[in-house]
Amino acid sequence: MTTQPRHDALAALIAMREWWFAASEAQGILSALVACNQGGRWKEILFAQGEIDAIAHEAFDRLSLQIEEALAGDALAYQLLLPEDGEFAARAEALAAWAQGFNLAIEWLQPTLDDDARAFLADLAEIGKLDYNLDDNEENRRQLTSLEEHCRMGALLIYAECHRKEKPA
């Protein structure tokens with residue numbers, strides 16, 4: 001199994017290369033593409049034509065493969081790429097960026113989804129507006145964890161739906 005990169009390592013690469021997206025946002029975009037069986041299209045949404053180099057290919061091919069393995073696995077191993085340590089606000093901001101990225105890719109792809117998936121996407125639009133300047137307390141941490149789990153399960157739901165459609169009945 002491919003190991004998911006650490007948030008800080010991917011964030012450092014993105015900052016060094018001056019790419020337009022954040023680490024969690026990129027994983028949200030790739031997660032939606034993979035969930036909709038379009039994982040190979042990351043080049044079209046993340047980069048302008050001609051901007052892709054070997055480093056981008058290595059990083060995002062590897063991340064797409066890791067996401068595919070995690071979403072397809074039986075162990076519900078898929079995890080959001082969020083800061084491991086640090087302030088509550090940084091994790092909340094990364095969750096909002098992940099939600100925005102996932103929604104961006106879904107809007108770009110325009111897949112046909114069932115009511116449950118559409119309800120999740122409506123929730124995701126609200127999560128993308130998350131106020132991350134909240135107090136760092138136990139209740140807010142519990143709510144953030146709940147939102148993270150909702151996002152994780154929603155990505156799995158959309159993956160299952162889109163991949164179920166491609167299999168003959």
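I began with the neighbours of Ser-31 in this predicted model, and, leaving aside residues up to four places away in sequence, I found that Ser-31 touches Ile-67, Leu-71, Tyr-78, Trp-98 and Phe-102. One of these neighbours, Tyr-78, also appears in my list of polar contacts, where its side chain pairs with the side chain of Ser-31 at 2.5 Å. I then looked up how much of Ser-31 is accessible, and since its relative accessibility is 0%, I noted Ser-31 as buried.

Next I turned to the helix that holds Ser-31, which is H2. Helix H2 runs over residues 23–35, and I noted that its 13 residues reach 18 Å from the first C-alpha to the last, close to the 18 Å expected at 1.5 Å a residue. Is H2 largely enclosed by the rest of the structure, or largely open, and why? I checked its residues and found 13 of the 13 buried, so I wrote down that H2 is largely enclosed by the rest of the structure. Just after H2, I came to Asn-37, which takes a positive phi of about 65 degrees.

My last entry concerns cysteines. I searched the whole structure for disulfides and found zero. Cys-36 is in no disulfide, although I did look up its nearest cysteine sulfur, that of Cys-162, at 3.9 Å. Why is there no bond between Cys-162 and Cys-36? Their sulfurs are 3.9 Å apart, which is too far for a bond, because a disulfide needs the two sulfur atoms within 2.5 Å. I noted Cys-36 as buried, at 10% relative accessibility, and Cys-162 is buried too, with a relative accessible area of 10%.

How values were computed. Residues are numbered from 1 along each chain as its sequence is written. This is a predicted model: local features need pLDDT of at least 70, side-chain atom pairs count only at pLDDT 80 or more; totals for chains, interfaces and linings use all residues. Side-chain values use heavy atoms; hydrogens and water are left out. Helices (H or I, at least four residues) and strands (E, at least two) are DSSP runs, numbered from the N terminus. The expected span of a helix is 1.5 Å times one less than its number of residues. Buried means under 20% relative accessible area, exposed over 50%, partly exposed in between (1.4 Å probe, protein chains only). A polar contact is a pair of N or O atoms within 3.5 Å; within protein, one must be able to donate a hydrogen and the other to accept it, and residues adjacent in sequence count only if both atoms are side-chain atoms. Contact means heavy atoms within 4.5 Å.
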